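Colleague: I have a model open and would like to learn how to read its strands, helices and surface. Could you walk me through some features?

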Amino acid sequence: MTATSTPYADIKAPTTARRLLTAPTAGPLAALLIACLFFSLTTDQFLTGGNFSLIVQQVMVVGTLAIGQTLIILTAGIDLSCGTVMAFGSIVIAKMAAEGSVPPLVAIALGLAVCGGFGLANGLLVQKIPLPPFIVTLGMLNVAFALTHIYSEEQTISNLPGPVTALGETFPLGYTDITYGSLFTIALFLLFAYALSNTSWGRHVYALGNNKEAARLNGLRTSPLTIGIYTTAGVLYGIAALLLISRTGVGDPQAGQTDNLDSITAVVLGGTSLFGGRGSVLGTFIGVLIVGVFRNGLQLMGVASIYQTLITGVLVILAVTVDQISRKKAR
Amino acid sequence: MTATAPSPVLQARGLVKRYGHVTAIDGADFDLLPGEVLAVIGDNGAGKTSLIKALTGALVPDAGEIRLNGEPIQFSGPQSARSHGIETVYQDLAVAASMDIASNMFLGRELRRPGLLGNAFRMLDKKRMRQEAAEHMADLKIGLRSLTQAVETLSGGQRQAVAVARAVAWARSVVVMDEPTAALGVKESGQVLDLIRRVRDKGMPVVLISHNMPHVFEIADRIHVHRLGRRAAVIKPSDYSMAEVVAIMTGALTVDDAGGTVVADSDAAKAAGVQAN
């Protein structure tokens, strides 16, 4: 019974090629590439650096929300409040900074803290009472929506100081101007992709979504883990609020009302299962880009925006169908 | 019991646990000897689950003493029992289905890369975890096609094998198995029983909670019969028939100090088809 030679041929990590082909992101990635190819062939303007820069700018807010949404969906939860929490965060940042009662950086910190607080409240209610995430975040959606309108007094807030919109500024890369916000969003995706796949925390997130009871029996501290995930998501919504302000230049109380569903769309398109425990942030990045590329490409083709929404809806149903069928096959 | 009997690895004396008016554990004793498979059996509601929970830290008894390797010990929770080398395998295949075998084995005990990558970037050492998982699996002669496949692609027996291998890998004193074959078919149950034997042969004592009398008789070195919240008897399977053990479990027979059986309830004993010897 020597352990020096084991009967397992695959102690080494699977090869990159095999991993790419079998990865759950392979399908979404293929869809993205096909869409890009299609729009490159049908429109002149699609395949330009400027257009790609624009696509990333258009998706960075929903993309950042979708990172938080991915974390929560991986635990078999869902967050309907992300859009309105972000809207409230953006009003907090904008109003504080515009009034000048606090320095801009403090206003930003307060905005992140408020959004983190919403996440914490969601997490506590889901974990400690416990309540279904759908109900908790549906309630929080309304709370944040109302607070946004009360606090902003229905006014759009403009004349924001420079630091608050700094992420909207651009730097040249070759012939293309890229916003710092785009870069920041991509960095966030990479950070969470790393954390999910290469740290204990990431393993625990997946284990929690797979089987909460098994995770607990295996000694994971599921309660702080769950609350931490919701709080982290909240802080990400705060970052999305900052990105939103930097992109529009104002604090708009009407913002973000459909972003909760858009973020769920991106997560699902990226191959993350709504049943929890499987999926990835990189998949979500692809999902976000699929939505962005479709909207942008169809726009360039002159398709009315209501048809873009129609196509996005069909794509989501298609993605969930593929997920469900592949899960059945895995059994 | 003779003077030369080995001292128990895990021992309990006079454990009591009450929930309101219900007494789940009523002065129970327990002894697990080194290197044995001790089956714990009892009718539904006899309190064997509560006893096992007390021994694995899942509940804190109101009274009584637990000793591990002779030292008195108090568990504040499952984590505390685990940190003392007591690992538990649960009946409902407590694994994370979409994760691979090595990830499951190291769940909650992940290894990090040495140096800066591990300390500053918290990077997992996936290669070492796969290697060590492979060694643990090979050690118990668990043959699987692949270690990087998700646990959900395994059969129920193979999943349970992963759970057992996980427990054995981390246990230093005792492995407790709570109905490990309850969710499995005949062939898979046989595989898990073989596995339990190999665990015992490595010198690791096993507490096996089971309803399945043939399994208990096949594998147990001794049988702890639990009844009405306390230990009714400890017997060797070779000394009694299955019908007699069932009769002890239901209270139709009692065991005297010399190991003989006494009919406590003649009607019940007759119904069970046993008589005193």
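Modeller: Happy to! Helices here are DSSP runs of H or I with at least four residues, numbered from the N terminus. Keep in mind that this is a predicted model. One case is helix H13 of chain A, residues 305-330, where Tyr307(A) is found.

Colleague: Is Tyr307(A) buried, partly exposed or exposed, and why?

Modeller: The partly exposed class lies between 20% and 50% relative accessible area. Tyr307(A) counts as partly exposed because its relative accessibility is 48%. Together with Ile306(A), Leu310(A) and Val314(A), Tyr307(A) forms a nonpolar patch on the surface, with about 440 Å² of accessible area in total.

Colleague: Now chain B. Why is strand S9(B) described as largely enclosed?

Modeller: Buried means under 20% relative accessible area. In S9(B), residues 222-227, 5 of the 6 residues are buried, so the strand is largely enclosed by the rest of the structure.

Colleague: Which strands pair with S9(B)?

Modeller: Strand S3(B), residues 37-42, runs parallel to S9(B) and is joined to it by 5 bridges; there, Ile41(B) has Val225(B) as its bridge partner. S10(B), residues 230-235, pairs with S9(B) in the antiparallel sense, also over 5 bridges, and His226(B) stands opposite Arg231(B).

Colleague: What does the turn between S9(B) and S10(B) look like?

Modeller: These strands form a hairpin with 2 residues between them, and Leu228(B) in the turn has a positive phi of about 55 degrees. Another hairpin, of S4(B) and S5(B), has 2 residues between its strands, and Asn69(B) takes a positive phi near 50 degrees. S4(B) and S5(B) run antiparallel, joined by 3 bridges, with Glu71(B) the bridge partner of Leu68(B).

Technical notes
Residues are numbered from 1 along each chain as its sequence is written. Chains are lettered from A and ligands numbered from 1 in the order in which they are written. This is a predicted model: local features need pLDDT of at least 70, side-chain atom pairs count only at pLDDT 80 or more; totals for chains, interfaces and linings use all residues. Side-chain values use heavy atoms; hydrogens and water are left out. Two strands pair if DSSP finds at least two bridges between them. Patches are made of residues with over 30% relative accessible area and no salt bridge: like charges are joined within 9 Å, nonpolar side chains (Val, Leu, Ile, Met, Phe, Trp, Tyr) within 5 Å. Accessible areas come from the Shrake-Rupley method with a 1.4 Å probe; for residues, only the protein chains shown count as cover. A salt bridge is a side-chain nitrogen of Lys or Arg within 4 Å of a carboxyl oxygen of Asp or Glu. Buried means under 20% relative accessible area, exposed over 50%, partly exposed in between (1.4 Å probe, protein chains only).
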